[in-house]
Amino acid sequence: MIKDAELLAKEQREISISEFFEKNRHLLGFDNPAKALLMAVKEFVDNSLDACEEAGILPDIFVSIKKVGEDVFRVTVRDNGPGILKEQVPKVFGKLLYGSKFRGLGTTGKQSRGQQGIGASACILYAQLTTGKPAQIESWVKGKEHYKCALFIDTRTNEPLVEKEEIVENGLEKHGVSITLELKGMYRTVKGPEEYLKETAIANPHAQITFVRPDGTRITFKRGTDKLPVLPKEIKPHPYGIELGTLIKMLKSSSSKTLLSFLTTKFSRLGINAAKEISKMAKVPLSLHPYEITREQAEKLLKAMQSIKLQRPPTDCLSPIGEEEIIKGLKKEYKCDFVTAISRPATIYRAIPFQVEIGLAYTQDLKQDGQIKLIRYANKVPLFYQQGECAIYKAIADTDWRRYGLQHTRGSLPIGPIVLLVHLASVWVPFISEGKQAIASYPEIIKEIKLAANEVGRRLKKYLSGIERKRYKEMRIKVFEKYSNEVVKALSALTNQDEKKVCEIVMHSINERRGEEYGK
Ligand SMILES: Nc1ncnc2c1ncn2[C@@H]1O[C@H](COP(=O)(O)OP(=O)(O)OP(=O)(O)O)[C@@H](O)[C@H]1O
Ligand SMILES: [Mg+2]
């Protein structure tokens with residue numbers, strides 16, 4: 001049938017975001033059962049860690065996975081965070097694109113694990129889609145309430161459908177959130193939930209995580225430090241990273257009375273002198289009301305803003321793991337013969353602050369297969385998929401590890417009993433897709449990773465040459481020991497001295513040498 005505009009109009013309607021993701025769940029990372037189960041654990045644990053950190057609470061997280069059907073698993077994640085107010089629970093869990101961490105254009109924000117307000121509700125959507133069961137939520141807010149509900153998402157409207165609500169007073173000190181879901185999945189040990197939790201524990205040594213496996217056994221990743229990470233600060237956008245549409249939007253919605261106050265209060269690193277310079281260059285008076293500024297004037301302003309010299313953005317919006325904590329984290333999970341870490345100074349890509357950290361552990365635990373284990377992190381969250389497409393992998397594979405005593409073919413990972421932890425902390429991590437598994441290869445990011453890799457590589461080489469030297473010296477002493485009987489006999493014959501006495505002198509000399517080598 002040929003459709004005219006009138007007929008087409010009858011079919012045209014608004015599509016809700018939930019409906020869209022219901023059909024396109026692969027865009028959120030739910031494209032296979034093993035990944036889906038991992039995503040459910042990951043999204044809730046990330047939320048718990050974010051919430052605890054913001055509330056200044058040392059995280060205590062409980063995760064359990066139980067097999068309840070052929071390919072159906074019940075996942076529970078419970079935390080000791082601040083909890084969620086009862087009015088907010090349905091919206092944060094039953095509505096996609098609802099959250100506290102998304103910052104619109106014109107605000108750069110601060111580092112957090114969550115970015116867009118989709119993670120939790122996406123898992124709930126996937127669960128209801130694959131098992132038809134609601135999510136069971138409990139929230140305790142200290143001194144206020146204990147709220148319980150079962151919840152679905154109405155995908156037509158992207159609104160929560162709450163069932164079995166229960167509210168009681170929370171007279172206790174207890175606080176936190178507990179979520180239980182039933183979803184279709186597959187439990188994997190390699191690159192599965194347990195490995196994810198282990199890697200999370202390494203990068204977040206201030207967290208304690210207990211995991212109950214589907215077979216009922218449990219493992220606790222113990223807290224390695226009681227020191228909470230320093231809370232990152234919120235920052236304003238830096239003029240170098242702004243686009244024209246954003247500037248126009250900011251101008252139109254600004255509450256500032258003049259262009260001068262707009263420029264000096266809405267951006268980072270832009271003071272009065274810089275504002276005067278911009279105004280002069282763009283020929284736009286500082287006394288104008290931001291609302292009056294035309295598109296053409298905005299274009300000139302932007303050009304001027306991006307051509308004058310400004311300081312780099314501040315970096316207290318970042319929360320790196322820290323060298324000491326990386327070392328603690330690696331030592332906690334691996335038997336390390338040698339371990340080192342480096343936190344590079346913060347820098348920027350597209351005017352967005354970021355920082356690279358690398359930890360390297362030489363460990364007996366990987367001696368058997370001799371393979372390097374690369375653990376990638378973005379804002380302290382382990383990345384499991386799309387390794388080959390990730391800037392971290394590319395930078396490590398492109399570093400010349402042969403210079404540092406490892407076997408290596410350029411373009412692939414080096415070989416050696418090594419755990420290499422690479423962390424990118426940024427206010428905005430440039431993921432290559434919504435699944436948040438691989439970082440885009442901005443040249444500035446690649447460069448920073450390589451600089452850090454070279455530094456830990458140099459330290460590794462020093463350690464390996466030390467071992468090699470020791471091995472060589474020990475071998476020489478052993479050779480001497482092996483022939484010491486013959487030497488004693490020959491010396492005794494030549495010097496006419498008692499064999500026992502010669503033996504004492506020779507052994508004394510060997511032991512002295514050994515003592516020198518080992519600093520005894
Ligand atoms: N365990 C929790 N404790 C306290 N608040 C929480 C918890 N889990 C989620 N929230 C709140 O619910 C919001 C929505 O969570 P959701 O995972 O959907 O999005 P997000 O974490 O903001 O971003 P992303 O989609 O990148 O995960 C969060 O922004 C946070 O405000
Ligand atoms: Mg989240």
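Into which domains is the chain divided? In this predicted model, the chain comprises domain 1, covering residues 17-221, domain 2, covering 243-305, domain 3, covering 323-463, and domain 4, covering 466-517. The centres of domain 2 and domain 4, computed over C-alpha atoms, are separated by 82 Å.

The surroundings of the bound molecule were examined next. Ligand 1 occupies the largest pocket. The elements that contribute two or more residues to the shell around ligand 1 are helix 3, spanning residues 33-55, and helix 5, spanning residues 119-131. Of these elements, helix 3 makes the greatest contribution to the shell, with 3 residues.

The shell can also be described by its residues. In total, 19 residues surround ligand 1, and those that come nearest are Ser100, Lys101, Gln115, Ile118 and Gly119. When the shell is sorted by class, 7 of its residues are nonpolar, 8 are polar and 4 are charged.

Several side chains place polar atoms beside oxygen atoms of the ligand. In Asn47, an N or O atom of the side chain lies 2.8 Å from an oxygen atom of ligand 1. For Glu43, the distance between a polar side-chain atom and an oxygen atom of ligand 1 is 3.5 Å. Lys436 likewise has a polar side-chain atom 2.8 Å from an oxygen atom of ligand 1. Considered alone, ligand 1 exposes 600 Å², of which the protein buries 93%.

Taken together, these results describe a ligand that sits in the largest pocket, with 93% of its exposed area buried by the protein and with polar side-chain atoms of Glu43 and Lys436 among its contacts.

Methods:
Residues numbered from 1 in each chain as written. Chains lettered and ligands numbered in written order. Predicted model: local features only at pLDDT ≥ 70, side-chain atom pairs only at ≥ 80, totals over all residues. Heavy atoms only, no water. Near = heavy atom within 4 Å. Polar contact = N/O pair within 3.5 Å; in protein donor to acceptor, adjacent residues only side chain to side chain. Areas by Shrake-Rupley, 256 points an atom, 1.4 Å probe, with all protein chains shown as cover. 1 Å grid on protein atoms, 1.4 Å probe; cavity = no way out; pocket = protein on both sides within 12 Å on 5 of 7 lines; lining within 4 Å. Sits in = over half its atoms within 2 Å of the grid points. Helix = DSSP H or I, 4+ residues; strand = E, 2+ residues; numbered from the N terminus. Nonpolar A, V, L, I, M, F, W, Y, C, P; charged D, E, K, R; others polar. Domains from an automatic or database assignment.
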